[in-house]
Amino acid sequence: QVQLVESGGGLVQAGGSLRLSCAASRTIFSINSMGWFRQAPGKERELVAAIASEGSTNYGDSVKGRFTISRDNAKNTVSLQMNSLKPEDTAVYYCNAFVVSGRGPATYWGQGTQVTVSS
């Protein structure tokens, strides 16, 4: 089991920045991949960014060049630095962990944090 707690959401003007953090309840060194997804009203949940245990990253097309994902294994946290925010970035952002163990694959989600970008 992995519990994930997000923080850092809020209201920001277009062009501004926010930093989201996700704290895991156990060492993330053994978590295969962690990432951020978002869901806007009336839309499907979409990948924002993900980072694998060895450090490779993957970004959604709409955030490339603006967002940066990073992980701190010592603090069991994953962060998302969001720059040049746009109104279309408004959504609930969810932290995600993907673990493959002897019991098979499992996906865990945080409770979500609201990000609102005003124009």
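The following legends describe close-up views of a predicted model.

**View 1. The four-stranded sheet containing S1, S3, S8 and S7.**
Four strands form an open sheet in the order S1-S3-S8-S7, and their pairing is antiparallel. Strand S1 (4–7) and S7 occupy the edges; each has a single partner strand, so one side of each is left without a neighbour in the sheet. From one strand to the next, the twist averages 15°. Four bridges connect S1 and S3, which pair in the antiparallel sense. Within this part of the model, Leu4 stands opposite Ala24 in S3. Strands of a sheet pair through backbone hydrogen bonds, in either a parallel or an antiparallel arrangement.

**View 2. Surroundings of Arg71 in strand S7.**
Arg71 belongs to strand S7, which comprises residues 67–72. Although Arg71 is buried, it has no salt bridge. The nearest side chain of opposite charge is that of Glu54, 6.9 Å away, and a salt bridge requires a nitrogen-to-oxygen separation within 4 Å. Polar partners are nevertheless present: the side chain of Arg71 reaches the backbone oxygen of Ala52 at 3.0 Å, and it also makes a polar contact of 3.2 Å with the side chain of Asn73. When residues up to four places away in sequence are not counted, Arg71 touches Ile28, Phe29, Ile31, Ile51, Ala52, Ser53, Thr77 and Val78.

**View 3. Asn32 in the loop between S3 and S4.**
Asn32 is situated in the loop that runs between strand S3 (18–24) and strand S4 (33–39). The relative accessible area of Asn32 is 30%, so this residue is classed as partly exposed. A polar atom of the Asn32 side chain lies 2.7 Å from the backbone nitrogen of Val100. Leaving aside neighbours within four places in sequence, Asn32 is in contact with two runs of residues: Ile51, Ala52 and Ser53, together with Phe98, Val99 and Val100. By contrast, Gly42 is 10 residues from Asn32 along the chain, and the C-alpha atoms of the two are separated by 30 Å.

**View 4. The salt bridge between Asp89 and Arg38.**
The side chains of Asp89 and Arg38 meet in a salt bridge with an N to O distance of 2.9 Å. This pair links distant parts of the chain, 51 residues apart: Asp89 lies in the loop between strand S8 (77–82) and strand S9 (91–101), whereas Arg38 lies in strand S4. Asp89 has a relative accessible area of 1% and is therefore buried. Arg38 is likewise buried, because its relative accessible area is 5%.

**View 5. Arg66 and the salt-bridge network.**
Arg66 also forms a salt bridge with Asp89, in which the closest N and O atoms are 2.8 Å apart. Arg66 lies in the loop between strand S6 (57–59) and S7, and Asp89 in the loop between S8 and S9, so the pair ties together parts that are 23 residues apart in sequence. Both Arg66 and Asp89 are buried. Through salt bridges that share partners, Arg38, Glu46, Arg66 and Asp89 are joined into one network.

**View 6. The salt bridge between Asp61 and Lys64.**
The model has a count of four salt bridges. One of them brings together the side chains of Asp61 and Lys64, with an N to O distance of 3.1 Å. Asp61 counts as exposed, because its relative accessibility is 66%.

How values were computed. Residues numbered from 1 in each chain as written. Predicted model: local features only at pLDDT ≥ 70, side-chain atom pairs only at ≥ 80, totals over all residues. Heavy atoms only, no water. Helix = DSSP H or I, 4+ residues; strand = E, 2+ residues; numbered from the N terminus. Buried < 20%, exposed > 50% of the residue type's maximum accessible area, 1.4 Å probe, protein only. Contact = heavy atoms within 4.5 Å. Polar contact = N/O pair within 3.5 Å; in protein donor to acceptor, adjacent residues only side chain to side chain. Lys, Arg positive; Asp, Glu negative; His and termini not counted. Pairing = 2+ DSSP bridges. Axes fitted to C-alpha atoms, helices over the stretch in contact; angles between N-to-C directions.
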